[in-house]
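User: I would like to go through this model step by step, with the reasoning behind each answer. Please begin with whatever term is needed to read the strand pairings.

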Amino acid sequence: MSGPLIIIDPGHGDVDPGCSYEDIYEKDIVLDISLYQLKRFEELGINAVITRYSDIYLNPDKRTQLVVDSKSIYCISNHINAGGGKGCEVIHSIHNDGKLAYKIFNKLIETGLYPRRVYSKESTQYPGQDYYFMHRNTGSCITNIVEYCFIDNQDDRERILKNWKIYAEQVIKAFCEYIDHPYENKTEYIDSVNNLYDCGFITTPSYWIQSDSYEIQYFEELVLNYTGKNNFDESIIYLAQCNIIDSPNYWLDNDTYSVENIQLFIIKLSDNIEYFEFADSVYTLYEYDVINSPYYWIDNASYEIRYFEELIINYTNKSTFEDGIIYLAESNVIDSPEYWLDNDTYSVENVRLLIIKLADNVDQFGEA
Ligand SMILES: [Zn+2]
C-alpha cells in the first residue's frame, strides 16, 4: 500500500505562534493556507495529508515523526518570515536538486511577491546534514519550506492578508506542473460565478456551478446582461473592443462552445467587472460625442491633462475647464470641485471614477 503523495505542514501552532505583527500570527495564516491546500489537493485527486488541522502545538520531533510516518513522498512546510526582509523564499534540502523549490518560487513571484531567494543550508553542527530540522529529520521525504513573505514588511503583510489564497493556489499549481498532474481550478470558476451573481448578472448560480453542460440561450442571456446590448454578436464584438475577450471569432463563428471555454469566459467577465464599467462608460460618452477616441481612454494608464480638460468642456458645453467643473458641482455630478480646481495632476483612478459619473449622468447633459 502506498502512502499519500504529499504531506502539508502548517508551521508552528498554539504556544508557538511563529512570527507576528500586532494580532496577526504566522501560525494562523499558515494554517489557513495549509487547510486550503489540503482541500485543493483532494479536489484534484491528489492524495494529501496534513500535520495539524487546528491550533495545536507540535514539537520538532513530533512534527517530523508525523511526516516520516505518513510515508509521503513530498512535504510542503508553510511559513511566514520576519526580521526586516521582504519577499518570498523557498528552502530545499542540501540533498535535493531544488527543482520543485524553483517551480514553487517562480509561481509565487508571478503574482507580484518580491523574489527573495531559493536556497539550501548545511548545518555547521551536523556537517553533511541540513540546517533546518524539517529537512534533516524527515528522512527520504522531499521537503520544501515555503516562506511566503515577511510579516514585518508592510507591503508583504498587506499582500498576504489580501492574497493568501492566491499564493496557496500557486503552490498547488506549481506542484501539479512538477509531478505532471492535470491542473484545474474550479474554485476560481465558482468564485467568478458568485461574483457575477452578486453583481446581478447571474440569477441562478447553482445552474452554472453544478451543470456539466450549459444551454446556449442561458449563456447568451448572461452575456447580454453583462454588456447591456440587445444581441449576442454585438455583445461579443463589444467585449473584444473592451479587451475583455481575445478571440471574438470563436464566439461569432460557432454554434456550440466547449464547457471549458464557457467557464474561462465567465472567469474573464468576473475579473473585468470593474474595468468593464469604466470601458462601458467611455463608450457611452463616445456615443454622445463627448469623446472621440475611446481607445485612448480605455487603453492608457495615464492621461494628458489637456484631453481630460477637453472632455469636461465638451461634456458641459462651457468655455473653460474651471467653468465646467463648477457647473458639474452645481449640478451635483461631482462632490469635491476643489480637487479638480486646486490640483494640476489627477490620479488615473479619480479620472476614471469621474468618467463613470459623467456617463451615469449623460442623459441630463447629453442634450446640451
Ligand atoms: Zn515559521
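Analyst: Two strands are said to pair if DSSP finds at least two bridges between them. The model discussed here is a predicted one.

User: In which sense do strand E6 and strand E8 pair, and over how many bridges?

Analyst: Strand E6 covers residues 88-92 and strand E8 covers residues 142-150. Within this ladder Val-90 has Val-146 as its bridge partner in E8, and His-92 stands opposite Asn-144 in E8. The sense of the pairing is antiparallel, and the number of bridges is four.

User: How many bridges join E5 to E8, and which residue in E8 stands opposite Tyr-74?

Analyst: E5 and E8 run parallel, and seven bridges join them. The residue in E8 that stands opposite Tyr-74 is Ile-142.

User: What is the order of the strands in the open sheet, and which are the edge strands?

Analyst: The open sheet is formed by six strands with mixed pairing, in the order E4-E1-E5-E8-E6-E7. Neighbouring strands of this sheet are turned against each other by 15 degrees on average, with direction ignored. The strands that pair on one side only, and are thus the edge strands, are E4 (48-50) and E7 (115-119).

User: Which helices pack on this sheet, touching E1 in one case and E6 in the other?

Analyst: The helix that touches E1 (6-10), E4 and E5 (74-81) spans residues 60-70, and its direction makes about 165 degrees with that of E1; this is helix H2. The helix that touches E6, E7 and E8 spans residues 99-110, and its direction makes about 170 degrees with that of E6; this is helix H3.

User: Why is E8 described as largely enclosed by the rest of the structure?

Analyst: A residue counts as buried if 20 or more other C-beta atoms lie within 10 Å of its own. E8 is largely enclosed because the number of its nine residues that are buried is nine.

User: Which element gives the largest share of the largest nonpolar core?

Analyst: In soluble globular proteins, nonpolar side chains tend to be buried together. The core here has 41 residues, of which Ile-6, Ile-80, Ile-104 and Val-171 touch the most other members. Elements that give two or more residues include E1, helix H1 (26-43), E5 and helix H5 (154-179). The largest share, seven residues, comes from H5.

User: Glu-22 has a positive phi; is this residue buried or exposed?

Analyst: Most residues other than glycine have a negative phi. Glu-22 is not a glycine, yet its phi is about 50 degrees, and it lies in the loop between strand E2 (20-21) and strand E3 (24-25). A residue with 12 or fewer other C-beta atoms within 10 Å counts as exposed. Glu-22 has 7 other C-beta atoms within 10 Å, and therefore it is exposed.

User: What is the radius of gyration of the protein?

Analyst: The C-alpha trace spans about 80 × 55 × 30 Å along its principal axes, and buried residues make up 33% of the 368 residues. A compact globule of 368 residues would have a radius of gyration near 21 Å, whereas that of the protein is 26 Å.

User: Which residues does the UniProt annotation "domain: MurNAc-LAA" cover?

Analyst: Over the stretch in question the chain is 40% helix and 23% strand, with its end C-alpha atoms 11 Å apart. According to the unreviewed UniProt entry, the annotation covers residues 6-176.

How values were computed
Residues numbered from 1 in each chain as written. Predicted model: local features only at pLDDT ≥ 70, side-chain atom pairs only at ≥ 80, totals over all residues. Axes fitted to C-alpha atoms, helices over the stretch in contact; angles between N-to-C directions. Contact = placed C-beta atoms within 7 Å. UniProt positions renumbered as here; feature names shortened; annotations may be inferred. Rg over C-alpha atoms; globule rule 2.2 N^0.38 Å. Core = buried A, V, L, I, M, F, W, Y, C linked by C-beta atoms within 7 Å.
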